[in-house]
Amino acid sequence: MRLVLETLNSPRKFIERENYMKALLLKVDRIIAPSKFVRKLFIDYGVPEDKITYSENGYDLRVFEGFKKKNKYTDRIVFGFVGGVSKHKGVHILIDAFMNIPDKKAELRIYGDYNPKSTYVREILSKAKKNIKFIGRFEDVREPYSEIDVLVAPSIWPETGG
């Protein structure tokens with residue numbers, strides 16, 4: 001079994017796979033990059049600039065017209081994470097960093113989908129103290145932003161539109 005894995009995962013095989021994927025990518029007529037960051041990744045990878053169109057993604061910011069914050073200003077700072085709760089989003093790093101902050105000084109609210117049965121989520125839920133709240137899914141995009149003072153994005157991988 002080990003010989004098979006070494007053969008499949010040899011450095012030569014990784015180079016062959018990368019070359020094959022790059023050849024396929026270069027056959028594409030047009031690539032739409034959802035951020036300037038992703039556009040630069042493609043260019044750095046060798047895709048000609050004229051094949052890549054940057055098309056901004058994101059929310060229609062007009063939904064924030066007349067935006068009002070729900071929380072009144074207090075001595076307690078409310079930090080917030082907004083996104084899917086998964087390891088590559090770095091929520092565990094945020095929770096670890098938050099563990100030494102006194103409960104009376106700050107609160108952390110985590111907004112977004114998560115699977116309470118996943119090993120990752122069970123681990124971070126078991127570490128969370130009382131001033132760390134998992135809010136879950138929200139319908140109105142303004143909701144999390146109206147309830148927090150500081151938005152935190154602890155992602156540990158390159159985000160396309162972070």
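This passage describes a sheet, the helices around it and the aromatic pairs of a predicted model.

The sheet is open and has 4 strands. Their order is 5-4-3-6, and the pairing is parallel. Strand 5 (132–136) and strand 6 (150–151) stand at the edges. Each of these two has a single partner strand, so one side of each lacks a neighbour in the sheet. Strand 3 (residues 77–82) and strand 6 run parallel and are joined by 2 bridges. Across this pairing, Gly-80 stands opposite Leu-151 of strand 6. Helix 4 packs on the sheet. This helix touches strand 3, strand 4 (106–111) and strand 5. The direction of helix 4 makes about 170° with that of strand 4.

Helix 4 (residues 91–98) also packs with helix 5 (residues 119–127). The axes of the two helices are 10 Å apart, at an angle of about 10°. Angles under 35 degrees count as roughly parallel, and helix 4 and helix 5 are therefore roughly parallel to each other. On the helix 4 side, the contact involves Val-91, His-92, Ile-95 and Asp-96. Helix 5 contributes Tyr-120, Ile-124 and Lys-127. By class, this contact has 4 nonpolar, 1 polar and 2 charged residues.

The structure holds 5 aromatic pairs. One of them is formed by Phe-64 and Tyr-145. The ring centres of Phe-64 and Tyr-145 lie 5.9 Å apart, with 75° between the planes, and the pair is edge-to-face. Phe-64 sits in the loop between strand 2 (52–54) and strand 3, whereas Tyr-145 belongs to helix 6 (residues 142–147). The pair thus links distant parts of the chain, 81 residues apart. Phe-64 has 22% relative accessibility and counts as partly exposed. Tyr-145, at 26% relative accessibility, also counts as partly exposed.

A further pair joins Tyr-114 and Phe-134. Their ring centres are 5.5 Å apart and their planes are at 65°, so this pair is edge-to-face. Tyr-114 lies in the loop between strand 4 and helix 5, and Phe-134 lies in strand 5. The pair therefore ties together parts that are 20 residues apart in sequence. Tyr-114 is partly exposed, with a relative accessible area of 29%. Phe-134 is buried, with a relative accessible area of 16%.

Ring pairs also build a cluster. Its members are Phe-64, Phe-67 and Tyr-145.

Technical notes: Residues are numbered from 1 along each chain as its sequence is written. This is a predicted model: local features need pLDDT of at least 70, side-chain atom pairs count only at pLDDT 80 or more; totals for chains, interfaces and linings use all residues. Side-chain values use heavy atoms; hydrogens and water are left out. Axes are lines fitted to C-alpha atoms, for helices over the stretch in contact, and angles run from 0 to 180 degrees between N-to-C directions. Angles under 35 degrees count as roughly parallel, over 145 as roughly antiparallel, 65 to 115 as roughly perpendicular and the rest as oblique. Contact means heavy atoms within 4.5 Å. Ala, Val, Leu, Ile, Met, Phe, Trp, Tyr, Cys and Pro count as nonpolar, Asp, Glu, Lys and Arg as charged, and the others, Gly among them, as polar. Two strands pair if DSSP finds at least two bridges between them. Rings of Phe, Tyr and Trp (its six-membered ring) pair if their centres lie within 6.5 Å; planes under 30 degrees apart count as stacked, over 60 as edge-to-face and the rest as tilted. Buried means under 20% relative accessible area, exposed over 50%, partly exposed in between (1.4 Å probe, protein chains only).
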